[in-house]
Each structure stands twice: as structure tokens, then as C-alpha cells.
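Please examine the structure shown below together with its sequence. The briefing that follows is arranged by topic.

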Amino acid sequence: MTSEARVDNHNAVPGAGEGDAAPSAADGERVNLFSLSRAQMEAFFVEQGEKAFRARQIMKWMYHRGVLDVDAMTDLSKRQRAWLKEVARFDLPEVVTRKESRDGTVKWIVRVANGNCVETVLIPDKGRNTLCVSSQVGCMLDCSFCSTGKQGFNGNLSTSDIVGQVWLADAELRARAAPGEVVRPGEPGGVTNVVLMGMGEPLLNFDNVVAATDLMMDDLAFGISKRRVTISTAGVVPGIYRLAEVSDVSLAISLHAPYDPLRDELVPINRKYPIEDLLAACRHYVAGLGERRSLTMEYTLLQGVNDSLEDARALAALLRDVRCKINLIPFNPFPGSGYQRPDEGRVRAFQTLLMNAGYATMLRTTRGDDIDAACGQLVGQVEDRTRRKERYIARRRAGEVA
Ligand code: SF4
């Protein structure tokens with residue numbers, strides 16, 4: 001993969017202050033158009049002596065029709081096509097592995113610009129195609145039940161790395177379409193929902209994630225509704241306040257515990273930003289979304305750890321004044337995790353208590369069991385650069401960690 005001119009700062013749009021300069025190809029390096037927002041692409045073309053509306057034409061080819069072959073962009077003149085080849089490129093993550101589950105879930109391992117691998121998972125369900133994308137290579141937050149967290153951190157993804165995951169999934173869905181059927185991102189048949197719940201903590205890769213989600217929601221790119229693009233955070237409180245200033249993307253919180261001592265253990269960033277601070281940030285964010293939208297609280301159920309009725313009651317009381325719905329996720333065990341999935345009766349009882357307390361409470365069914373679709377599982381088998389997972393398992397066996 002070629003080196004990439006980094007133009008991923010979402011603020012780098014005309015009139016936005018620092019970083020306004022449009023990316024330039026004057027240094028002889030072609031610019032990856034998947035790195036650019038609509039405004040950045042317009043500025044880039046104007047700087048190249050072209051009309052701004054060229055961005056509109058080219059984005060439609062890239063995102064609506066899935067065409068990256070410049071010679072096939074038939075509404076550009078021969079001269080314009082030659083020019084485009086000189087100044088631009090269309091670099092995407094490279095697919096290393098593709099696995100498809102019996103239930104239709106597809107998991108890709110893709111190699112991104114910095115040479116590392118991340119995971120992308122497509123979950124088709126009742127007319128929806130939900131894509132779970134990664135935002136970082138590994139993760140530095142080390143949540144105790146997470147396979148990704150055991151692999152250490154190997155860097156941020158660029159905007160084009162993140163957007164490219166959506167483009168690749170759309171390309172697959174387009175290829176499956178019946179003859180004559182037009183598949184568009186954001187519409188039935190294409191990717192309809194995106195969740196940034198793959199590898200990494202999105203708010204620790206703030207600029208690139210915001211730029212990528214802007215493209216996901218831009219009608220000239222993926223055109224997915226803001227209700228259907230969700231950033232999921234473990235609780236990076238300053239990032240939530242910052243996000244409220246620049247975006248109205250949907251937000252999910254990986255809560256997983258109703259008390260600080262337990263959350264300190266499960267989600268260590270809680271030691272820095274405890275529950276009270278986190279919920280204050282949540283109330284601030286949801287206030288900016290308008291009355292009809294809410295947050296999602298993610299709660300992974302771990303047998304004997306956070307799945308009792310007492311825990312459910314505490315959770316219901318905790319969230320009383322936060323406009324939210326709750327997603328319950330029975331834990332998907334992986335080797336060395338040390339946690340178990342609760343039995344179905346316990347899960348149902350937890351859900352029923354929350355529903356009786358007035359919360360819309362969804363139960364996320366496990367998908368892609370046969371292809372190791374738990375986040376971080378498959379890439380951990382394909383590539384574990386730091387060998388941190390093995391060290392973690394050895395330490396757990398030796399009784400050094402809980
Ligand atoms: S759960 Fe999310 S934030 Fe926590 S370690 Fe895993 S990837 Fe990182």
C-alpha cells in the first residue's frame with residue numbers, strides 16, 4: 001500500500017480556521033480521495049484549477065456507483081480523466097481474510113495504511129445491513145472482558161482506513177445484487193447502519209473518526225441517516241463534550257456496570273472518568289440531539305459478575321435521568337477471558353426487570369459464533385504483533401491477574 005498524504009483532520013475545510021489549506025498534489029504526491037470530506041475535495045479541485053462541482057461528480061462515482069476506475073467515469077472529459085489520474089488515488093484497506101458465518105455474518109480482516117490488520121463485521125438482519133467498523137489498531141483501554149484490549153495498541157486508523165471499511169462492505173453487497181437492481185449505500189440492499197464498535201476507542205482517534213462519520217452521513221458519500229451511524233465509547237468524557245460541539249452522530253456508551261468499583265475493574269478508564277462524570281457528559285450530549293433521540297447504553301452480561309437482579313435494579317436507578325435505551329449483550333467467551341456467558345433464564349430476568357422499570361431494552365443475539373466474530377478474536381489469530389494476548393493468558397494462568 002502506498003504512503004498516504006494525511007489530510008484527515010475534519011476541521012481542514014475551507015473557512016474552518018487552522019488546517020484550512022486544501023490538500024495539494026503540488027508536491028508530486030497524489031492525494032487519496034477517500035481521505036477527503038466533500039468540502040475538502042471541492043477545495044482540492046479548486047486549488048488544482050478545476051471547478052468545485054467536480055467533487056460532486058467524482059464522489060457519486062466513488063460512493064454511489066462504487067466505480068474507482070477513472071476511465072469509467074464517463075462524465076469527465078479525456079483531459080479531465082488524465083488530470084485526475086495525475087493528482088488523485090483511491091486507496092482502500094486490503095482484504096486479507098474473509099469469513100462468512102452460517103447465519104450470514106461476514107467478517108473481514110483488512111490491512112490498513114500503517115500495515116496492521118483490523119476487523120470489520122457485516123451483520124445482515126431483517127432487511128438491515130449493519131456494519132461494525134474498527135477505528136484503531138488494537139486498543140489501549142484494556143477492558144477486562146475484551147479480546148481486542150488484550151492485543152495492545154498499534155495506532156490510529158486514518159479517515160480513509162475507516163471509510164474504506166464501509167466502501168468494501170458496500171462493494172460486496174453491490175456484487176450480490178440481482179441483475180438490474182441498484183444497490184445504494186444507506187438504502188435497503190446496501191450498508192444501512194454503521195456502528196463504530198469494532199477494534200479501538202473511537203473518541204481517542206477523534207478527528208479521523210469524526211471526519212469518517214461525516215462522510216458516512218453525507219448524501220454525496222454513503223448518505224446513512226445520523227440515527228444509524230453510531231460511535232461507541234468506553235467513556236472518554238472530554239471526547240463526548242467535544243463531539244457534542246461538532247457532530248450529532250448517534251452515541252453508545254459501553255457501561256457494563258452500575259457501580260464504580262466494579263466498573264473500575266471491567267472498564268479501567270472509569271478510574272479516570274467515573275460514572276457520575278460520564279453520565280453528566282451523556283446528559284449533555286443527548287440534550288443536543290433533540291427530544292426524539294436517545295443514547296444507547298451497552299451492557300455486557302458476565303455470569304456472576306454483573307448479571308444479578310440487584311445489578312439490574314441498580315442500573316435502572318442509575319439511568320433514571322438519562323434519555324437512553326439499553327442493549328444487553330450476553331458475553332461471547334474467548335480463550336483466556338476468564339468470564340462466562342450467563343444462562344438464558346438469567347439474561348431474560350435481567351432484561352424483564354429493566355423493561356418493567358420503563359427502559360427499552362434490547363437483547364443482542366450472538367452472531368457469527370462459528371467465525372470467531374467476537375470483537376478482536378479473529379484478528380488476534382491472524383496477527384498479534386505485540387504477543388500481549390499470550391502474555392496476558394500466561395499471567396492469568398499464573399494467578400497474577402483476576
Ligand atoms: S471494549 Fe472497546 S474500549 Fe474496551 S478494550 Fe475493547 S475495544 Fe477498547
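The points below cover confidence, the sheet, a residue in one strand, a helix and the ligand surroundings.

This is a predicted model. The mean pLDDT of the protein chain is 86, and 84% of the residues reach 70 or more. A sheet of 10 strands is described first, followed by Ile231 in strand β10, helix α1 (residues 38-47) and the shell around the ligand.

**Confidence**

- Over residues 1-27, pLDDT stays under 50; the model has 63 contacts beyond four places in sequence for this stretch.
- Residues 381-393 also have pLDDT under 50 throughout, and for them the model has 21 contacts beyond four places in sequence.

**The sheet**

- Strands of a sheet pair through backbone hydrogen bonds, in either a parallel or an antiparallel sense.
- In this model, 10 strands form an open sheet with mixed pairing, in the order β3-β4-β5-β6-β9-β10-β11-β12-β13-β14.
- The edges are formed by β3 (94-100) and β14 (361-363), each of which pairs on one side only.
- From one strand to the next, the twist averages 20 degrees.
- Strand β13 (residues 324-330) pairs with β14 in the parallel sense, over three bridges.
- Leu328 stands opposite Leu363 of β14.

**Ile231 in strand β10**

- Ile231 belongs to strand β10, which spans residues 229-233.
- Is Ile231 buried or exposed? Ile231 counts as buried because 25 other C-beta atoms lie within 10 Å, and the cut-off for a buried residue is 20 or more.
- Leaving aside residues up to four places away in sequence, Ile231 touches Leu196, Pro202, Val209, Thr213, Val249 and Leu251.
- Ile231 and Val133 are 98 residues apart in sequence, and their C-alpha atoms are 9.9 Å apart in space.

**Helix α1**

- Which residues of helix α1 (residues 38-47) are buried? They are Gln40, Met41, Glu42, Ala43, Phe44 and Phe45.
- The cover over the buried residues of α1 includes β1 (31-32) and α2 (53-64).
- Gly49 follows α1 and has a positive phi, near 85 degrees.

**Around the ligand**

- The residues surrounding the ligand are Cys139, Leu141, Asp142, Cys143, Cys146, Thr148, Gly149, Met199, Gly200, Glu201, Ala234 and Ser254.
- Grouped by class, this shell has six nonpolar, four polar and two charged residues.

Note on methods. Residues are numbered from 1 along each chain as its sequence is written. This is a predicted model: local features need pLDDT of at least 70, side-chain atom pairs count only at pLDDT 80 or more; totals for chains, interfaces and linings use all residues. Two strands pair if DSSP finds at least two bridges between them. Helices (H or I, at least four residues) and strands (E, at least two) are DSSP runs, numbered from the N terminus. Axes are lines fitted to C-alpha atoms, for helices over the stretch in contact, and angles run from 0 to 180 degrees between N-to-C directions. A residue is near a molecule or strand if its C-beta atom, placed from the backbone, lies within 6 Å of it. Ala, Val, Leu, Ile, Met, Phe, Trp, Tyr, Cys and Pro count as nonpolar, Asp, Glu, Lys and Arg as charged, and the others, Gly among them, as polar. A residue is buried if 20 or more other C-beta atoms lie within 10 Å of its own, exposed if 12 or fewer, and partly exposed in between; C-beta atoms are placed from the backbone. Two residues are in contact if their C-beta atoms, placed from the backbone, lie within 7 Å. pLDDT is the predictor's confidence in each residue, from 0 to 100.
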